[in-house]
Amino acid sequence: MINHQSDYDAVVVGSGPNGLAAAIRLQQAGLSVIVLEGKETIGGGMRTAELTLPGFKHDICSAIHPMALASPYFKTLNLDTHGLEYIQPRYNLGHPFDDGSSAFLDNSIEETANSLGVDKQTYLDLFRSLVNIWPDIDQDVLAPLHFPKDPVALAKFGLKALTSASFFVGNFKTKQGRGLWAGNTAHSLQPLTNISTSAIGLVLSTVGHISGWPIPKGGSQSIADALASCFKSLGGKIETNTWIKSWISCLKPKQ
Amino acid sequence: MIFDVTPKQLLEIAGHKFSSIYKWQLARYRYGMGVFKVDWALSEQVPFKSDVCKQAGTVHIGNTFEEIAQSEYLISKGQHPEKPFVLLAQQSLFDNTRAPKGKHTLWGYSHVPNGSTKDMTDSIEKQIERFAPGFRDTIIGRHTYNTNQIEAYNPNYIGGDINGGVIDIGQLFTRPALRGSPFRTSSKGIYICSSSTPPGGGVHGMCGYHTAERVLKDLFPIHYSVKI
Ligand SMILES: Cc1cc2nc3c(=O)[nH]c(=O)nc-3n(C[C@H](O)[C@H](O)[C@H](O)COP(=O)(O)OP(=O)(O)OC[C@H]3O[C@@H](n4cnc5c(N)ncnc54)[C@H](O)[C@@H]3O)c2cc1C
């Protein structure tokens, strides 16, 4: 149980990807950090378990990890040395239609565009330019509002990203191009007429063309386990079965 | 203290430490649509008509733009669409550690109104069947979570919202509250790092990373200069 909190410089409550990332960064900087997790296992939205029958391992929450692979911070952690292996499916995404046809998102922009009929050129122009500027803007898109590293490149992205998916879909003529766009922007969990719903669709497709939409071998739990292993290798401590439901004065870290 | 929780829980745990303005800001933070989650154990892979879908890690079921937009619109109005947009993942096609040999797992969810307890299994399976006739005959096991059960499983998914709050234009840059730093609370030494902060939902750790940078700058300036 929690007793020696005051021995630590920082206490992190919750072991999701964000709690673990914060804990690792602080431990890297030389602080002593403890992570307290309410449940009996770590991982937050990255757990895998036999939910149905023995031998069937299901991802309870997250399953597909374009953002984990594209994460500017996770990239620096060499999680492969902590046992994490990403698998790339043949197609990132399939999108079937009633008439038996389907659209898809492949790692290759060209192959994806080729399947979109008259939308081919629109798709090529859009995603070639976004894939080109992504390395200059990824840190800014995935950060709180601040002065960007490359304001011109970021503006190119922002002007498109802030539109609504329903407005932006006007760029596409075919059922395939329009359907593919709808599916990717629906990840915003909002009506597609809301402004800025284009952002998530643009980001997911762009990183799909750069690093793919991979699945972690063994399940999303493997990402949690690799982050925990990285944290512990730096000297970090984790305690599970510890819910923090109200303020406990012993939580005050030393300072 | 750094909290990987959303504003609602932060208020419960540490509300008495915050200024009244900050408490008011956290209290009006908005959560979005929830999800109804289904996991299946299958005797064989999903019999999609489309060859592409038989080899895809993710499948989006919803047919046309219009159909998907309509489904999301209805949900935002608190209704349950008859033909919901369904997201599927077929991990076991590419990772043989997920299921016994020859058998498969399927992961899926549809969006539902926040806090919904309606069982969407039938509508979701009908949608899959539409593009993969015979799908129902392959099901040998099933596990479902409505939004209440998801929240009980992980208290960060308030009302089943998997993004830790709506990422609309009102909360895109100001999650969880409009302040100099979104990660700092009004109480010195207390920070929030969950997906309720920028850049929002998904497994990428960037909210946590930026929070840690903020903590180092504010409280441990000497350590901040230690480069990674
Ligand atoms: C069904 C579903 C599908 C998803 N699919 C994907 C996907 O395919 N790809 C993707 O990138 N993302 C996906 N997500 C979203 C992703 O899981 C989340 O955005 C991500 O996990 C958020 O990370 P976090 O660190 O902010 O919080 P979480 O991962 O939610 O972690 C919070 C942790 O804190 C713990 N905690 C909370 N309160 C307390 C307390 N008071 N005391 C102690 N511990 C506490 C919780 O138990 C939990 O372990 C999905 C989510 C769900 C639910």
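In this predicted model, a good place to begin is where the two chains join through their strands: strand E6 of chain A, residues 91-96, pairs with strand E3 of chain B, residues 56-61, and the two run in the parallel sense over 3 bridges. Within this pairing, Gly94(A) stands opposite Val59(B), which belongs to E3(B).

Looking beyond the strands to the whole meeting of the chains, one finds that 101 residues of chain B are in contact with 100 residues of chain A. The size of an interface is often given as the accessible area lost when the parts come together. For chain B and chain A, that buried area comes to about 8,000 Å², with 67% of it on carbon and sulfur atoms. On the side of chain B, the residues that lose the most area to chain A are Phe65(B), Tyr153(B) and Val203(B), which together account for 10% of what that side buries.

Polar and charged groups also take part in the interface. Between chain B and chain A there are 4 salt bridges, and one salt bridge links Glu213(B) with Arg25(A), whose closest N and O atoms are 2.5 Å apart. Across the interface, 36 residue pairs are in polar contact, counting pairs in which both residues have pLDDT 80 or more. Among the elements of chain B, helix H8, residues 206-219, gives the most to the side that touches chain A, contributing 10 residues. Taken by class, that side of chain B is made up of 59 nonpolar, 26 polar and 16 charged residues.

Terms used
Residues numbered from 1 in each chain as written. Chains lettered and ligands numbered in written order. Predicted model: local features only at pLDDT ≥ 70, side-chain atom pairs only at ≥ 80, totals over all residues. Heavy atoms only, no water. Contact = heavy atoms within 4.5 Å. Buried area = accessible area lost by both parts, 1.4 Å probe. Salt bridge = Lys/Arg side-chain N within 4 Å of Asp/Glu carboxyl O. Polar contact = N/O pair within 3.5 Å; in protein donor to acceptor, adjacent residues only side chain to side chain. Helix = DSSP H or I, 4+ residues; strand = E, 2+ residues; numbered from the N terminus. Nonpolar A, V, L, I, M, F, W, Y, C, P; charged D, E, K, R; others polar. Pairing = 2+ DSSP bridges.
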